[in-house]
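Trainee: Could you walk me through reading a structure, one feature at a time?
Mentor: Gladly; let us have it in front of us.

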Amino acid sequence: MPRLTRRRALTAAAALASGAGAGAGAQAAAAPGAAAHDHGSPDSPSPAPSSTSSPSSPSSFDEVYKGRRIQGRPSTGGGHHHGTGYAVFVDGVELHVMRNADGSWISVVSHYDPVPTPRAAARAAVDELQGAKLVPFPAN
Amino acid sequence: MTVRKNQATLTADEKRRFVTAVLELKRSGRYDTFVTTHNEFIVADTDNGERTGHRSPSFLPWHRRFLLEFERALQSVDASVALPYWDWSTDRSARSSLWAPDFLGGTGRSRDGRVTDGPFAAATGVWPITVRLDGRTYLRRALGGAGRELPTRAEVDSVLSIPTYDMAPWNSASDGFRNHLEGWRGVNLHNRVHVWVGGQMATGVSPNDPVFWLHHAYIDKLWAQWQRRHPDAGYVPAAGTPDVVDLDETMKPWHDTRPADLLDHTRHYTFDTD
């Protein structure tokens, strides 16, 4: 996992200083340090998500949300992505996510409640974890 | 013959026997194998790939068999025990007797979601969460905490009225009874109840909460009710569907049972009503 850059650390600190809650994540996402690593806007659903076998992958993201680093990026395989083609990490530990046929997303810690984007799934996971560390799931 | 009863009608002795048998499966290690199996299918079942336990027509027969395995395990501890079901359209509050300390215990405390009463509270020392996705080893719940209501009887009836069992593309995008009952589409029955309970029930390791079995026993009963309302409609697809369990194909992980073998629940158990 890449080390935090100074700018990103400052962004994280600013997010923390602003207090916990959804506002912190929104601030971090809007800050230049976070935006620099965004390719497009993952929170805008990609156009025409389809149920075909190879939907276009959403963009990457990287932010500090409620004091935790969440990252997402298109993935080139690995036996456990089940064709999702996208990997999400919370503090560097991979979170199993899945894309539904309608383009919505779920994760293994919020499995029954679809959200629009992988970033939203990562944030929902941070909410659910309440500070707890993810257990890495076995790569098969 | 096993009779599955509404949890609200159980006697104190029936509750005690059920809880004791569940705790014995936990102590022996057998309980956690069910949690592991469920999570393996949760992460493996995908809309555009192979799908067996969830988001597919075999959601209902797969869970019927999964519950039968669990019920038989309970009965190997105490032959008098049957799985109760939770009709969440009737017992729809955190004040239901289901959540009393003599049965499943109540909701979690606000700080960390920890369940603090009942036989499955962490403080008892007999219900460690060992198959888990994060560092927390205690049972958690947030009954109604997601701000949603449990489904109503009218919503249940609207789903039972759907005449077709399932439809292409046989996944979370499908129209038809199965996907509306599962909840990926429409008013959302099964999925919403998982979210309403919160804690581990909202995750892939949802069988860590014993209410998992009571929830699915009621989903299973709704399938039986649907069959009675639509006697001419059957399990589909019939044959030749890639990645999907057809009527006469065997299901993982057992490899010895087809949906066709599980359509008639009365070969295995009956319900107290209907």
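Mentor: Let us begin with one residue: B:Asn188 sits in the loop between helix 5 and helix 6 (190-197) of chain B. Keep in mind throughout that this is a predicted model.

Trainee: What is the phi of B:Asn188?

Mentor: Its phi is near 75°, a positive value in a residue other than glycine.

Trainee: Is B:Asn188 buried or exposed?

Mentor: Here the cut-off matters: buried means under 20% relative accessible area. B:Asn188 has 14%, so it counts as buried.

Trainee: Which residue of chain A takes a positive phi just after helix 4?

Mentor: That is A:Gln130, with a positive phi of about 50° although it is not a glycine. It belongs to the segment after helix 4 (118-129) of chain A. Its relative accessible area is 45%, so A:Gln130 is partly exposed.

Trainee: And how do I read helix 4 of chain A itself?

Mentor: Begin with its length. At 1.5 Å a residue, its 12 residues should span 16 Å, and the end C-alpha atoms are indeed 16 Å apart. Then look at burial: nine of the 12 residues are buried, and the helix is mostly covered. Among the buried ones are A:Pro118, A:Ala122, A:Val126 and A:Leu129.

Trainee: How does spacing along a helix relate to direction?

Mentor: An α-helix has 3.6 residues a turn, so residues three or four places apart point the same way.

Trainee: What pattern does chain A follow along its sequence?

Mentor: Reading along, you get α-α-α-β-β-β-β-β-β-β-α, that is, four helices and seven strands. Of the 140 residues in chain A, 46% are buried. For contacts in this chain between residues at least 6 apart in sequence, 49% join residues at least 24 apart.

Trainee: Where is A:Ser56 found?

Mentor: Look in the loop between helix 3 (32-35) and strand 1 (61-65) of chain A. A:Ser56 counts as partly exposed, at 48% relative accessibility. Its C-alpha atom is separated by 9.0 Å from that of A:Gly85, and the two residues are 29 apart along the chain.

Trainee: Let us move to chain B. Which peptide bonds should I check there?

Mentor: Look at omega for two proline bonds. The bond from B:Ala168 to B:Pro169 is cis, with omega near 10°, and B:Pro169 lies in the loop between helix 4 (153-160) and helix 5 (177-182) of chain B. Another cis bond joins B:Lys252 and B:Pro253, where omega is about 0°. B:Pro253 is in the loop between helix 7 (211-229) and helix 8 (259-262) of chain B.

Trainee: Which residues have the most contacts inside the largest nonpolar core?

Mentor: They are B:Trp86, B:Trp88, B:Phe177 and B:Trp213, in a core of 92 residues. Helix 7 of chain B gives the largest share of this core, 11 residues. Follow B:Trp213 outwards, leaving aside residues up to four places away in sequence, and you find that it touches B:Tyr31, B:Phe34, B:Phe66 and B:Pro207, among others.

Trainee: Why is helix 7 of chain B described as largely enclosed?

Mentor: Because 16 of its 19 residues are buried, helix 7 is largely enclosed by the rest of the structure. Its span passes the length check too: 27 Å is expected for 19 residues at 1.5 Å a residue, and its end C-alpha atoms are 27 Å apart.

Trainee: Where is the place of B:Tyr269?

Mentor: B:Tyr269 is in strand 2 (residues 269-271) of chain B. Its relative accessible area is 0%, so B:Tyr269 is buried. Beyond its neighbours within four places in sequence, its contacts include B:Met1, B:Arg64, B:Leu68 and B:Asp220. B:Asp220 is 49 residues apart from B:Tyr269 in sequence, and their C-alpha atoms are 11 Å apart.

Trainee: How does one look for empty space?

Mentor: Rolling a probe the size of a water molecule over the atoms shows where empty space is left.

Trainee: How many cavities of 30 Å³ or more does a search of the whole structure find?

Mentor: It finds three, and the largest cavity holds about 50 Å³ of space. Its lining includes B:Ile129, B:Arg132, B:Asp134, B:Gln200 and B:Val205. By class, that lining has three nonpolar, two polar and four charged residues.

Terms used: Residues are numbered from 1 along each chain as its sequence is written. Chains are lettered from A and ligands numbered from 1 in the order in which they are written. This is a predicted model: local features need pLDDT of at least 70, side-chain atom pairs count only at pLDDT 80 or more; totals for chains, interfaces and linings use all residues. Side-chain values use heavy atoms; hydrogens and water are left out. Helices (H or I, at least four residues) and strands (E, at least two) are DSSP runs, numbered from the N terminus. Buried means under 20% relative accessible area, exposed over 50%, partly exposed in between (1.4 Å probe, protein chains only). A nonpolar core is a set of buried Ala, Val, Leu, Ile, Met, Phe, Trp, Tyr and Cys residues joined through side-chain atoms within 4.5 Å. Contact means heavy atoms within 4.5 Å. The expected span of a helix is 1.5 Å times one less than its number of residues. On a 1 Å grid over the protein atoms alone, a cavity is a set of points where a 1.4 Å probe fits but cannot get out, and a pocket is an open set with protein on both sides within 12 Å along at least five of seven lines; lining residues have an atom within 4 Å of a point. Grid points are joined across faces, edges and corners, and a volume is the space filled by probe spheres set on the points. Ala, Val, Leu, Ile, Met, Phe, Trp, Tyr, Cys and Pro count as nonpolar, Asp, Glu, Lys and Arg as charged, and the others, Gly among them, as polar.
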